[in-house]
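Please open the model in your viewer and keep the selection tool at hand. The tour proceeds from one selection to the next.

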Amino acid sequence: MDITIKVPSGPERVRVLGSAERNLKMLREALGVNVSARDGRVHIVGAKQQVLVARHVLENLAVLAEQGGEPPTRQQVLDMIAAEAEAVGENPEGAALGAEWDGRLNVYAAGRPVRAQTPNQERYLEAIRENDLAFAIGPAGTGKTYLAVAAAVHLLKTGRVKRVILTRPAVEAGEKLGYLPGDLRAKVNPYLRPLFDALADMMDYATLRRFMENDVVEVSPLAFMRGRTLNSAVIILDEAQNTTRGQMQMFLTRLGHGSKMVVTGDATQVDLPDPLDSGLVDAARRLSRTPGVGFVTFGRSDVVRHSLVQRIIDAYGGDEERPRARSRARRGPVRPDNPEGGVPGESMVEQVDA
């Protein structure tokens, strides 16, 4: 296995690599890996478990360097190597911090593991684990996006993927804001803010900034996905109910080798001019029986935000259903076997095994 890690420049580079690249020499001697630094990058080659240990150690050193303070001593670096080696060595697949799916997701924020809180959330994580493509359909507050981001960060941390890519369509929720000021990043940032919020809960600011600078974590509008092939990554499409059928097809065909895709959306909150054009609804109908695709449908009982959110959803549910029911002749709840229906009723899960 071989990986390349970008390291900071200037004084922070010395803090990561050590004086005269002392830390790299310790990694070579302790782990038996080939480590070389050149042009602001560190290249690591060796057995998978040892490479993962070296990667985690260098990432920890980079975080410490950005936080300032005294550089770690030789003994502290050796202790760091030993701790990471012990964690990785306990798992024959090379995943650090215990088994890959042990009931909690290990994210970068210290002491804040993420766990499923409802049976449907447990099935959701299982669908992500067992399938290369997973759909989560349900109302606001059920943890669709949050758990998808947590699973992606967990897979990144355990070395199963090299990148996390989050995207969503730039569709306004019932308002016409006109032209937004600033450069491209400033224009699209308001649409992507919910994804940044989820990431900020999973990582400290220094780690998130470093990952985004190195393109380990990418947050991008859906329009920028065209023409790409995404390998060894977790790709999350949020607010998928606001994609068109063509956009959904384009996105799904970006899936590369060693990657997973997660698509989340609420079919009762379509902001397209014609709700029947929703790519999420269309994909659920087309892919409901496709091997390798998992579907989880959340209901109001799965809401895990403030308890008032569930009561708000109940209060507004009837009003949203009536106009949709007239246009669709009351086709029933949204689910893989009836994806063009109305507001989800009882929680239902359908998962197609690969």
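Leaving aside its neighbours within four places in sequence, with which residues is Ile 236 in contact? Select Ile 236 in this predicted model. Beyond those neighbours, Ile 236 is in contact with Ala 148, Val 149, Ala 152, Ile 165, Leu 166, Thr 167, Phe 251 and Val 262.

Next, widen the selection to the core. The largest nonpolar core has 38 residues, and Ile 236 is among those with the most contacts inside it, together with Tyr 124, Val 149, Leu 166, Leu 199, Met 202 and Val 217. Elements that each supply at least two residues of this core include helix 5 (119–130), strand 4 (133–137), helix 7 (184–202) and strand 7 (233–237). Colour helix 6 separately: this helix gives the most to the core, with nine residues. Another core, of 24 residues, lies apart from the one just described; among its members are Leu 17, Ala 54, Val 77 and Ile 81.

Now turn to the aromatic rings, where the structure holds two pairs. Select Tyr 124 and Phe 298 for one of them: the ring centres are 5.5 Å apart and the planes stand at 85°, so this pair is edge-to-face. Tyr 124 belongs to helix 5, whereas Phe 298 is in the loop between strand 9 (293–297) and helix 11 (307–328), 174 residues apart. Both Tyr 124 and Phe 298 are buried.

Finally, select Phe 135 and Phe 295. This aromatic pair is stacked, with 4.8 Å centre to centre and 10° between the planes. Because Phe 135 lies in strand 4 and Phe 295 in strand 9, the pair ties together parts that are 160 residues apart in sequence. Phe 135 and Phe 295 are both buried.

Methods. Residues numbered from 1 in each chain as written. Predicted model: local features only at pLDDT ≥ 70, side-chain atom pairs only at ≥ 80, totals over all residues. Heavy atoms only, no water. Core = buried A, V, L, I, M, F, W, Y, C linked by side-chain atoms within 4.5 Å. Buried < 20%, exposed > 50% of the residue type's maximum accessible area, 1.4 Å probe, protein only. Helix = DSSP H or I, 4+ residues; strand = E, 2+ residues; numbered from the N terminus. Contact = heavy atoms within 4.5 Å. Phe/Tyr/Trp six-rings, centres within 6.5 Å; stacked < 30°, edge-to-face > 60°.
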